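User: I'd like to learn how to read a structure like this one. Could you walk me through it, starting with the terms?

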Amino acid sequence: MIIDRSASNHASRNGSPLRPTYAATPSYKPGNAGIADEVHPVFLEGRVAVITGASSGIGRAAALELAKLKLKIAIADIDDVKLQKVGKEVAAIVGDANVLVIATDVSQLDQVRRLKDKVYEAWGEVAVLMNNAGIGPKGTSWDGLDNWKKVFDVNVFGIVNVQQTFVPPMIHQENVAVVINTGSKQGITNPPGNAAYNASKAAVKSLTENLAYELRERPDSNVTAHLFIPGWTHTGLTGANSLGDKPEGAWTPQETVLYMLDKVRAGDFYVLVPDNETRREMDELRIMWTAGDIVEGRPALSRWHRDYKALFEEYMRDGLAHGTVVAILLSSNKYIRSEEGTVVEV
Ligand SMILES: NC(=O)c1ccc[n+]([C@@H]2O[C@H](COP(=O)([O-])OP(=O)(O)OC[C@H]3O[C@@H](n4cnc5c(N)ncnc54)[C@H](O)[C@@H]3O)[C@@H](O)[C@H]2O)c1
C-alpha cells in the first residue's frame with residue numbers, strides 16, 4: 001500500500017475515516033446532530049444557568065459570560081467569600097433579581113439538594129447545568145490517600161451528586177437544556193504526575209459519555225450532555241493566585257469559556273479546547289497516540305517511556321507536517337517513508 005503524502009497532496013488527508021477534518025467536512029455526524037442555530041435555545045434571555053465552582057477561574061468566567069447573554073445565574077461554590085464577590089459582579093450585569101448565590105460543597109449531597117430546591121423554587125427550571133467545581137491536590141499511586149479521597153469526592157462524586165439531583169427534574173422540562181461536565185485532557189492522555197486527578201477526570205469522561213447516551217435514548221428528554229475539556233487556562237487551579245500574570249501559553253478563563261459556549265451551541269459532545277501552546281492537531285495526535293498504546297501493544301504511557309521518546313517525537317513531527325494518519329502508520333513499524341516521501345507498507 002502506498003499513500004502519497006507529499007506536501008503538494010496535503011489536502012488529500014481530509015478523506016480519511018480515521019481523521020475527520022477541521023473545515024471542509026464538518027465531521028462524520030449524521031445530518032445535523034447538534035443545534036446549530038445562531039443562538040442555542042438554552043443560551044437565551046431569561047433562561048437559567050447553574051454553575052458550580054463559580055467563585056474563581058472558569059466557573060466565574062462562565063457566570064459572567066452567561067450573564068452577558070441575559071440568563072438568570074445561580075452560582076455555587078465552597079468558597080463563600082469569593083462567591084459573594086462574584087455574585088456582585090454578576091448582579092452588575094443582570095441585576096440582583098437574576099442572581100442566586102448559594103454556598104455549596106458539591107461533595108455533600110444534602111447541600112446539592114438544597115441548591116436544587118432553591119433554584120427550582122426561585123425560577124422553576126434549569127437550562128444550563130455546569131458541573132465545573134474541581135480540585136487537584138496530588139495523589140500518586142501509593143501515596144496521598146487522603147488526597148485521592150478528596151479529589152474523588154469533589155471531581156467525581158461532586159458531579160454525580162449534581163447529576164443525580166438535577167437531571168431528573170430537567171428531563172421533565174419541555175424546553176431544551178444542557179449538562180456541561182468539566183473534564184480534562186489529563187483524563188484522556190493521562191500524563192504522569194498526579195494519578196489521582198487524572199483518574200478522577202477519566203471517570204468524568206466515562207460518566208459524561210454514559211449520561212449523553214442515557215439522555216439520547218430517552219424519547220421524552222430534551223437534555224443533552226457535553227464533555228468540556230479545557231486547555232491550559234490561567235485559573236486558581238493552575239497557579240493564578242500565586243503566580244500572578246498569565247503565562248503566554250495559557251488562555252484566559254474568558255477565552256476558554258467563549259470557545260466552549262460556541263462548541264456547545266454547535267451541538268458538540270466533546271468540547272476539546274486549545275490554548276496558546278497546544279493547538280487542536282496536537283491534541284488529536286496525542287489522543288491517537290494514547291489509544292495506540294493499546295492497539296499497538298506498547299507499554300503504558302509510552303509517550304513518557306525512554307524507549308519510545310524518539311518515536312513519539314517523530315510521530316508528532318510527521319503528524320503536524322502531514323496528518324495524523326501518516327503519523328499513526330509510521331509509528332506502527334509496518335510502514336516506512338520512501339525516499340520520494342510516500343508512505344509504504346513493508
Ligand atoms: N485551569 C485549567 O487549565 C484546567 C484544565 C482542565 C480542566 N480544568 C477544570 O476546570 C474546572 C474549573 O477549575 P479552574 O481551573 O477554574 O480552577 P479554580 O481553582 O480557579 O476554580 C475551581 C473552583 O471550584 C471550587 N471548589 C472546590 N471544591 C469545591 C467543592 N467541594 N464544592 C464546590 N466548589 C468547589 C473552588 O473553590 C474554586 O472556586 C475544574 O474542574 C478543573 O479540573 C481546569
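Analyst: Sure, residue classes come up right away: Ala, Val, Leu, Ile, Met, Phe, Trp, Tyr, Cys and Pro count as nonpolar, Asp, Glu, Lys and Arg as charged, and the others, Gly among them, as polar. Sorted that way, the shell around the ligand has nine nonpolar, 17 polar and three charged residues. Keep in mind that this is a predicted model, where local features need pLDDT of at least 70 and side-chain atom pairs count only at pLDDT 80 or more, while totals for chains, interfaces and linings use all residues. Numbering starts from 1 along each chain as its sequence is written.

User: How many residues surround the ligand, and which are the closest?

Analyst: A residue is near a molecule if its C-beta atom, placed from the backbone, lies within 6 Å of it. Here 29 residues surround the ligand, and the closest are Gly53, Gly57, Gly134, Thr235 and Gly236. The elements giving two or more residues to that shell are α1 (57–68) and α4 (145–171). Helix α1 has the largest share, three residues.

User: What are these elements, and how many helices and strands are in the chain?

Analyst: They are DSSP runs numbered from the N terminus: helices are H or I with at least four residues, strands are E with at least two. This chain has ten helices and ten strands.

User: What does burial say about strand β4?

Analyst: Count C-beta atoms, placed from the backbone: 20 or more others within 10 Å of a residue's own is buried, 12 or fewer is exposed, and in between is partly exposed. Four of the five residues of β4 (99–103) are buried, so the strand is largely enclosed by the rest of the structure. Across the 346 residues of the chain, 39% count as buried.

User: How does β3 join β4?

Analyst: Strands pair if DSSP finds at least two bridges between them. Strand β3 (72–77) runs parallel to β4, with five bridges joining them. Isoleucine 73, for instance, has valine 99 in β4 as its bridge partner. Between the two strands the chain passes through helix α2 (80–94), a right-handed β-α-β crossover, meaning that, with the strands pointing away from the viewer, the path from the first strand over the helix to the second runs clockwise.

User: Where is glutamate 284 found, and why does it count as partly exposed?

Analyst: Glutamate 284 is in helix α8 (280–295). It counts as partly exposed because it has 18 C-beta neighbours inside 10 Å. Glycine 319 is 35 residues away in sequence, with 9.5 Å between the two C-alpha atoms.
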